[in-house]
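Let's take a walk through this fold, from its interior outwards to a couple of individual side chains. Have the structure open and follow along.

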Amino acid sequence: MQEVVLIHDWKRRLAFWGGAISVGLVAILFALACEQANSLFHKLLSISPYLPLVVTPLGLMLIVATTRKFFAGSQGSGIPQTIASLEPNEASKFRDQVLSLRVMIGKIILTIIGLCFGGSVGREGPTVQIGACIMHNIGKLAIFPKHDIEKGLILAGGAAGVAAAFNTPLAGIVFAIEEMGRSFEESHSTTILMTVIIAGITSLALLGNYSYFGHTSESLAFGSQWVLVIISGIAGGLLGGIFSRLLIEINNGLPGRVGKWIHDKPIAFAALCGLVVALLGLASGNATYGSGYEEAKSLINGSGVLPENYGLLKMTATAVSYISGIPCGIMAPSLSAGAGFGANIAHIFISVPAGAAIILGMVAYFAGVTQAPITAFVIVMEMTNNHEMILPLMATAFIAKVCSRLVCPTPIFQTMAAKFLKAVS
C-alpha cells in the first residue's frame with residue numbers, strides 16, 4: 001500500500017516539474033514568435049507607413065471574428081480570466097473553459113497575429129493565462145488533490161508565466177500573491193515558489209541571464225530630487241487610473257446608440273479600432289505599434305528619440321487595442337507608456353538624471369493601471385537590474401496606487417474578473 005502511495009506521489013512530482021518546465025519553454029517560444037511577428041510588421045512599415053491604415057483594421061476584424069467563433073475566453077489580457085478561475089467550485093465550468101488547451105492555443109496564435117498586424121499589445125498578460133492553462137491541465141492529468149488544482153497550481157502557473165516572460169522570478173511570486181491571490185494561503189507558497197524557480201531555470205538555461213530592459217545605474221539623491229517621486233507618483237497614478245477606468249467603463253457597455261452599435265457590430269467596431277491604432281501609429285512615427293519594448297529600452301538607455309507625446313499616444317493605442325476585443329496584454333505596453341511619461345517629466349526636471357525619471361514614470365503608471373504597487377516596483381527593479389532605486393520606486397508605486405484609486409476605485413483585473421464570473425453565473 002505504501003509503495004502504491006509512493007508511486008502516485010512521484011508521478012505527481014514528475015508531472016508538476018514537467019508542467020513547470022513546460023511553462024518556461026512555452027513562454028520562451030511565445031516570446032520568440034512575438035518578436036518575429038513584430039519584425040514582420042516593421043518590414044511592412046518599411047514598404048510604406050500608410051499600409052497599416054488598411055492592414056491593421058482588416059487584421060483586427062479577422063482576430064475578433066476568429067476569437068468569437070473558435071476561441072471564446074481568449075480575448076483581453078488573460079489575467080482577469082485567470083483570477084476569475086480561482087474562485088470556488090461554482091466557477092468550475094468557467095475554469096475549464098478559460099483554462100482549456102483550446103483557449104491557450106488561441107491565445108498564443110491570436111496574440112502573435114495581433115502583433116503581425118500592428119496591435120499595441122503585450123505578451124506578458126497572455127503568458128499568465130497560458131501558464132495557468134498548462135498547470136491546470138497538468139494537475140487534472142496527474143490527479144492532484146482538487147484543492148491544489150483549484151488554487152495552488154493555477155496561481156503557480158500564472159506566477160511562472162510572469163517570471164518566464166519578464167525573466168523576473170521575484171516579481172512572479174509577488175504578482176501571484178498581490179494581484180492573483182488576494183485570498184492567498186500560506187500552503188500555496190511552496191507550489192508557487194517551486195514552479196517559478198523551475199520555469200525561471202528553464203528560461204535561464206535557454207536564454208541566459210539577462211535583464212528585460214538592460215541595466216541602469218541611475219539613482220536619486222535623497223532630498224530635493226525626491227520631489228520627482230511625488231510628481232511621478234501623482235501623474236502616473238492618475239493617468240493609469242484614467243486608463244483603467246476607461247477600459248472598465250467600455251467593457252461594461254457604453255449607454256445609448258454607441259454602446260448598442262458596439263454590442264451589435266463587434267467586428268465592425270474592431271475594424272474602427274484598427275483604423276484608430278493605425279492613425280496613432282502614423283502620428284507617432286510608427287512608435288506605438290507592438291509591445292513598446294524597444295521604445296522603452298531606448299528611452300532608458302538614452303539611445304532613441306521619440307515624440308514628446310509618445311506616452312499619451314502609446315496609452316491610447318493600448319486602450320483602443322484592448323477594447324477592440326482581441327487578445328491583448330497591457331503590462332509591457334503600460335511600462336512603455338510609463339517610460340514615455342517619465343521622459344516628459346525628465347524634460348521638466350533637467351537637474352535629475354533622465355534615466356531615474358523614466359523608470360519612476362514606468363513604475364508609477366504601471367502601479368496606476370494595475371493598483372498592485374509591490375508588483376510594480378519589484379518588476380521594474382528586476383527588469384532594469386537597479387537596486388539603488390528601490391526606495392524611490394517603492395514610494396512612487398504607493399503614491400501612484402493612492403492617486404489611481406481616486407479615479408478608478410477598484411483594480412482593473414479584479415473588476416473584469418468579477419464581470420467574467422457574473423456573466424457565467
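What follows goes through the core, two helices and two buried polar residues.

Keep in mind that this is a predicted model. A good place to start is the largest nonpolar core, which has 100 residues. If you want to find the residues with the most contacts inside it, look for Phe-243, Met-362, Ile-379, Val-380 and Leu-393. Which helix gives this core its largest share? That's α16, residues 354–370, with 12 residues.

Next up is α17, which runs over residues 373–384. Its 12 residues reach 17 Å from the first C-alpha to the last, close to the 16 Å expected at 1.5 Å a residue. Is this helix largely enclosed or left open? Of its 12 residues, 11 are buried, so the rest of the structure largely encloses α17. The buried ones include Pro-373, Phe-377, Met-381 and Met-383, and also some polar or charged company such as Thr-375, Glu-382 and Thr-384. Ile-379 and Val-380 are on that buried list too, and we've already met both among the core residues with the most contacts. Right after α17 comes Asn-385, with a positive phi near 55°.

Now step back to the loop between α16 and α17, where you'll find Gln-371. With a relative accessible area of just 1%, Gln-371 falls under the 20% cut-off and so counts as buried. What does its side chain pair up with? One polar contact goes to the side chain of Ser-404, at 3.1 Å, and another to the side chain of Arg-405, at 2.5 Å.

For another helix, try α10, residues 227–252. Its 26 residues should span 38 Å at 1.5 Å a residue, and the end C-alpha atoms sit 37 Å apart, which agrees. Just past α10, Gly-253 takes a positive phi of about 105°.

Last stop: Lys-314, in helix α14 (residues 310–323). This lysine is buried yet has no salt bridge. The nearest side chain of opposite charge belongs to Glu-295, 5.9 Å away, while a salt bridge needs the two charged groups within 4 Å. So what polar atom does the Lys-314 side chain have beside it? The backbone oxygen of Thr-288 lies 3.0 Å from a polar atom of that side chain. Leaving aside residues up to four places away in sequence, Lys-314 also touches a run of others, including Tyr-289, Gly-290, Ser-291 and Gly-292, as well as Ser-120, Pro-333, Ser-336 and Ala-337.

Methods
Residues are numbered from 1 along each chain as its sequence is written. This is a predicted model: local features need pLDDT of at least 70, side-chain atom pairs count only at pLDDT 80 or more; totals for chains, interfaces and linings use all residues. Side-chain values use heavy atoms; hydrogens and water are left out. A nonpolar core is a set of buried Ala, Val, Leu, Ile, Met, Phe, Trp, Tyr and Cys residues joined through side-chain atoms within 4.5 Å. Buried means under 20% relative accessible area, exposed over 50%, partly exposed in between (1.4 Å probe, protein chains only). Helices (H or I, at least four residues) and strands (E, at least two) are DSSP runs, numbered from the N terminus. The expected span of a helix is 1.5 Å times one less than its number of residues. Lys and Arg count as positive and Asp and Glu as negative; His and the chain ends are not counted. A polar contact is a pair of N or O atoms within 3.5 Å; within protein, one must be able to donate a hydrogen and the other to accept it, and residues adjacent in sequence count only if both atoms are side-chain atoms. Contact means heavy atoms within 4.5 Å.
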